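Me: I have a structure here and would like to go through how its labels are earned. Could we take them step by step?

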Amino acid sequence: MIELELWRPDWGYWDDFGDFVGPADDASTAVALPITSDVLRRIPLGQIVAQAQAELASQSWKSEGVTTIGLGSAESRQPGELVPASVRALESAGDLAQLAKRGRPPLEGALLHELAHAYLREAGNGPGLHRRLGDLFERPEPTIKDWIKAARERGYLSPAIPGRRAAGPGPLLSHRTEGGSPPPSA
């Protein structure tokens, strides 16, 4: 990248009154130097993208309108004056800018109920319990360990007892609901 728009010698912008603000007519133009990788690393791109994403997600255009910057001057449009294509573009940009949920999804009670039954079936088959459960549920062993911990915390399996290899059924497994179906999601 040899030239970045911000470092152009003839850079300018349109102010709030519709006037172009740029270099003075008598100003000498500076020589454009190549931008080094060091300078590019110092540009806070993550912050710039985060601010742009927050601005798109704000939906303030619905109440304040939109200011468009064109080659002639800046124009302000109220929400009712926007063409349908612009409204669709602003709405889709706002939808895309919403922050995605991070982390694992919450565990449902039915999944932990099924895991507890599989755990109790497989616990007597010797070493390799987490691997077998991982194969059964198609998940990695660390995820299975987390699920077992959650099943113990929610009462599907009995708490770990020192000196004992496997857990027994917890209070939620011994009090099954009518018809043998798993209890409602926790």
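What follows is a short exchange on the labels used for this predicted model.

Me: Happy to start broadly: what makes up the secondary structure of the chain?

Reply: The chain has eight helices and four strands. Read from the N terminus, the order is β-β-α-α-α-β-β-α-α-α-α-α. Of the 186 residues in the chain, 20% are buried. Among contacts with a separation of 6 or more, 50% are between residues 24 or more positions apart.

Me: Now a helix pair. Why is α2 called oblique to α4?

Reply: Helix α2 (residues 45-57) and helix α4 (residues 84-97) pack at an angle of about 125 degrees, and their axes are 7 Å apart. Roughly perpendicular covers 65 to 115 degrees and roughly antiparallel starts over 145, with oblique for what falls between them. The angle of about 125 degrees lies in that gap, so α2 is oblique to α4. The crossing of α2 past α4 is left-handed.

Me: Which residues make that contact?

Reply: From α2 come Gln53, Leu56 and Ala57, and from α4 come Ala93, Gly94, Leu96 and Ala97. They divide into five nonpolar, two polar and no charged.

Me: How do you know that Phe137 and Trp147 form an aromatic pair, and what makes the pair edge-to-face?

Reply: The centres of the two rings are 6.0 Å apart, and the limit for pairing is 6.5 Å, so the two rings count as a pair. Their planes are 85 degrees apart; since edge-to-face needs over 60, that label applies. By this rule the count comes to one aromatic pair. The pair links distant parts of the chain, with Phe137 in helix α6 (residues 129-137) and Trp147 in helix α7 (residues 141-154), ten residues apart.

Me: Are those two residues buried or exposed, and how do you know?

Reply: The cut-off for buried is under 20% relative accessible area. Phe137 has 12%, so Phe137 is buried. Trp147 has 8%, so Trp147 counts as buried too.

Me: And Glu138: why is this residue called exposed?

Reply: Exposed means over 50% relative accessible area. Glu138 has 68% relative accessibility, and therefore counts as exposed. Glu138 is placed in the loop between α6 and α7.

Me: What is the phi of Glu138?

Reply: Glu138 is not a glycine, yet its phi is positive, at about 55 degrees.

Terms used. Residues are numbered from 1 along each chain as its sequence is written. This is a predicted model: local features need pLDDT of at least 70, side-chain atom pairs count only at pLDDT 80 or more; totals for chains, interfaces and linings use all residues. Side-chain values use heavy atoms; hydrogens and water are left out. Axes are lines fitted to C-alpha atoms, for helices over the stretch in contact, and angles run from 0 to 180 degrees between N-to-C directions. Helices (H or I, at least four residues) and strands (E, at least two) are DSSP runs, numbered from the N terminus. Angles under 35 degrees count as roughly parallel, over 145 as roughly antiparallel, 65 to 115 as roughly perpendicular and the rest as oblique. A crossing is left-handed if the near helix is turned anticlockwise from the far one by less than a right angle, and right-handed if clockwise. Contact means heavy atoms within 4.5 Å. Ala, Val, Leu, Ile, Met, Phe, Trp, Tyr, Cys and Pro count as nonpolar, Asp, Glu, Lys and Arg as charged, and the others, Gly among them, as polar. Rings of Phe, Tyr and Trp (its six-membered ring) pair if their centres lie within 6.5 Å; planes under 30 degrees apart count as stacked, over 60 as edge-to-face and the rest as tilted. Buried means under 20% relative accessible area, exposed over 50%, partly exposed in between (1.4 Å probe, protein chains only).
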